[in-house]
Amino acid sequence: MEKSISSFQDLADQTEMGFGTVGNTSIYDYLKFKSELDNELNSFWSKLWKGVNASQIADANDGFRRVTDSGRKFAFLWDVPIIEYKILNDPDCSLTTVQSSIFEKGYGIAVRRGHPIRDFMSMEILELQDKGD
């Protein structure tokens, strides 16, 4: 029976499903850095780095293609908003994600100084943050 993956710990602890991310990106560098800080060979970070380092993914499209072509045997680690967008727009409803995140980063929206939409956008973003969205 196939064990479901519901967390990054589950992913790190198993050997049946491959996983990875695009090389030389912020998440790739983050996992490498965390693994180098951790001296234990079989720690959470070392296992994640080993899995990521074993996969050669050219770009995000390649990562998503590998997920869909693998028959549920590959997990792609990428930016949460992009993964959520892909899930919402997946015509086959075949993609899913774990609820936790191992790498948080913020996003910004550039608007010309003095543009009338600037204050409106800032207030809407703050409101979304307050709601937890």
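Student: Is Asn24 buried or exposed?
Tutor: This is a predicted model, where local features need pLDDT of at least 70, side-chain atom pairs count only at pLDDT 80 or more, and totals for chains, interfaces and linings use all residues. Residues are numbered from 1 along each chain as its sequence is written, and side-chain values use heavy atoms, without hydrogens and water. Asn24 has a relative accessibility of 69% (buried is under 20%, exposed over 50%, partly exposed in between; 1.4 Å probe, protein chains only). So Asn24 counts as exposed.

Student: What is the phi of Asn24?
Tutor: Asn24 sits in the loop between E1 and helix H2 (26–37); helices (H or I, at least four residues) and strands (E, at least two) are DSSP runs, numbered from the N terminus. Most residues other than glycine have a negative phi. Asn24 is not a glycine, yet its phi is positive, at about 55 degrees.

Student: Where is Arg72?
Tutor: Arg72 is not a glycine either, and its phi is positive, near 65 degrees. Its relative accessible area is 57%, so Arg72 is exposed. Its place is the loop between helix H4 (60–69) and strand E2 (74–76).

Student: What pLDDT does the chain average?
Tutor: pLDDT is the predictor's confidence in each residue, from 0 to 100. In this chain, 95% of the residues score at least 70. The chain average is 87.

Student: Which element has the lowest mean pLDDT?
Tutor: Look at both ends of the range. Strand E1 (residues 18–20) has the highest mean, 96. The lowest mean, 83, belongs to helix H6 (residues 117–131).
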